[in-house]
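This report covers the fold of one chain, a sheet within it, and two helix contacts. The sequence and structure come next.

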Amino acid sequence: MSVQDEHELRARLGALLDGIEPRPAPVTRVVRRGRGIRMRRWISVAAGIAVIVAGAALIPGFLQTHRVAPISQLHYKVTVTPLGTNAKGGVVGAGTIGTKRWRVVVNRSQGGGCTSQLYLLTCGSAYIGSVGPREVSLDSASAGGTQYELGPVGADVTRVVIQLSNGTVLSLRPVSAGGKRWVAVAAPLRAITRAVSYVGQSEYQYAIPFDTNGAAGFITWLRPGQAGLPVASRSVGSGELDGVSWHAVVHTGPWGYCAVFSDGSTCVPASSASQLLAGRVVAPFTCSRLYKSSSRKAMEASSGIAAVAPDVKDVVLQFADGGRLRIAAVSVGGIRMLGYAIPPRPKVVRTLAYGVHGQLLQSGSAAGWGC
Amino acid sequence: MDATADAEFSDFMHGRWSQLVRLGYGLTGDLQLAEDLAQTAFARAYASWARVRRADNPDAYLRRVVVNANRSRFRKVRVGEVLTETVPDLVAATDGTDQRHTRDALVGALMELPYGQRAAVVLRYWLDLTETETALVLGCSVGNVKSQASRGLTKLRTSPVLLEGGPA
């Protein structure tokens, strides 16, 4: 057999590749990975900006005009400026932190990304998707010592109130830009303690943030009087893989479930936690690459967290070379989870779930482990 | 993303999943790797869904991610990767032995091509992309696509794997 011309090559490639029958599209897993990527982008933006600010601190000339004043835990002053209902120049949030003026701008041409300078955050109108008529979706970013909250609000939302740790209450009125209604605020790191949305004159929902490197992450919105999950932190796994230490801790609270890895974090709203298993006995739901802390060079190894059914005591991962890894599940905020770290090779080929009496509950596929 | 956007993404992924995995297979010769690459592409598309769904050619975006992700994989595993002589099994290998040998030989010959030539050959001769479309996916000039595809075809014509790997 040989390939003599283009026509023949097309026919042979067609016979080869069109005959491949992949497994069904793993939409759920891909969506999980996509959400992880999005969160890491935020973290990267914040980290990059922090590096720039730190670099600027070494250049006196730069500092003469852009000095970032240190702000103590409670002695700071934040204000917001009323902007009207339609954004001018895309400005959807403005105000002051101490003597510095901050602004948040929505720019259609920016697409789905964000950029930041000192006291100025600019995001594309497509960065955050649409929300329901009574919903608020706030995303956070941090730059230097400042955090920003920006997000679209539904048509029925009349205002969003932000509470700060020093007792300040900021009222944000939605501002229209790029076809959506937005609210935005800036504050010192760790200063935002609560957000409350209003429909008409009534409080509709409130949210307590999870602290992500000083920036407030609003994940779960609760109705007035609804308590949410009790605050607790539990290690679901730790260890060392190829000389790299890893750990996985799940923090529960009114924000929902937030898993913090050696390098990154992922949060799940409390209302979605029951859907993690979706009828399965074992469901890996989040994962990140394991990084070498010294060089920041990405390893191929993965660290992640899986949810397991209530009656699962531990899970055994079986590898292609016959090796086995037993991982104990722990209860966190009413659901059972386990943390793991696995090398890129050999591949996981089977998942075995065992009950409290050591009985085999399920021998399942290897799908979902690692990333 | 809201539920509507999620549903939209789900439809988008279902409609393109098989073709993207097949592209990955043409580039790697490994079905599991191909599925990993396709997942990577869709995950990135999900992360930038607002932009991707408005793009003129979202398929080109997905293909480019697959091609580049596989190229990055080569860079990462170059030292540790061991190339085996055995071509991975095809899932839909229900055909006769001779035809199977022919397929395996073609996969083997493709894998012997330098990566740029292999990508150009698969995109041009399997997906039937134009030279301009192929250049967009590969991120290179049209002239480069022409030369890569031409060299790839020439090598396949004289590939000893194809000449010896199956029945004449």
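In this predicted model, buried residues account for 41% of the 371 residues of chain A. The secondary structure of chain A consists of four helices and 27 strands. Among the contacts in chain A with a separation of 6 or more, 55% join residues 24 or more positions apart.

One example of proximity across the sequence involves A:His247, which sits in strand β17 (residues 244–253) of chain A. Its C-alpha lies 8.6 Å from that of A:Ala341, although the two residues are 94 residues apart in sequence. A:His247 has 16 C-beta neighbours inside 10 Å and therefore counts as partly exposed, since the buried class begins at 20 and the exposed class ends at 12.

Chain A also contains an open sheet of five strands with mixed pairing, in the order β1-β2-β3-β5-β4. Its edge strands are β1 (78–80) and β4 (114–117), each of which pairs on one side only. From one strand to the next, the twist averages 15°. Strand β1(A) pairs with β2(A) (residues 91–97) in the antiparallel sense, over three bridges. A:Val78 has A:Ile97 in β2(A) as its bridge partner.

Two helix pairs are set out below, one between chains A and B and one within chain B.

| Helix pair | Angle | Axis distance |
|---|---|---|
| α1(A) (residues 6–17) and α6(B) (residues 115–126) | about 95° | 9 Å apart |
| α1(B) (residues 3–28) and α2(B) (residues 31–47) | roughly 140° | within 8 Å |

The angle between α1(A) and α6(B) is about 95°, and these helices are therefore roughly perpendicular to each other. On the chain A side the contact is formed by A:Glu6, A:Leu9, A:Arg10, A:Leu13, A:Gly14 and A:Leu17, which meet B:Val122, B:Tyr125 and B:Trp126 of α6(B). By residue class, this contact of α1(A) with α6(B) holds six nonpolar, one polar and two charged residues.

Within chain B, α1(B) and α2(B) cross at roughly 140° and are therefore oblique to each other, as the roughly antiparallel class applies over 145 degrees. Their crossing is right-handed. Contact residues of α1(B) include B:Phe9, B:Met13, B:Trp17 and B:Leu20, while those of α2(B) include B:Leu31, B:Glu35, B:Phe42 and B:Tyr46. The residues of this contact of α1(B) with α2(B) comprise 14 nonpolar, two polar and one charged.

Conventions:
Residues numbered from 1 in each chain as written. Chains lettered and ligands numbered in written order. Predicted model: local features only at pLDDT ≥ 70, side-chain atom pairs only at ≥ 80, totals over all residues. Axes fitted to C-alpha atoms, helices over the stretch in contact; angles between N-to-C directions. Helix = DSSP H or I, 4+ residues; strand = E, 2+ residues; numbered from the N terminus. Parallel < 35°, antiparallel > 145°, perpendicular 65-115°, else oblique. Contact = placed C-beta atoms within 7 Å. Nonpolar A, V, L, I, M, F, W, Y, C, P; charged D, E, K, R; others polar. Left-handed = near helix turned anticlockwise from the far one by under 90°. Pairing = 2+ DSSP bridges.
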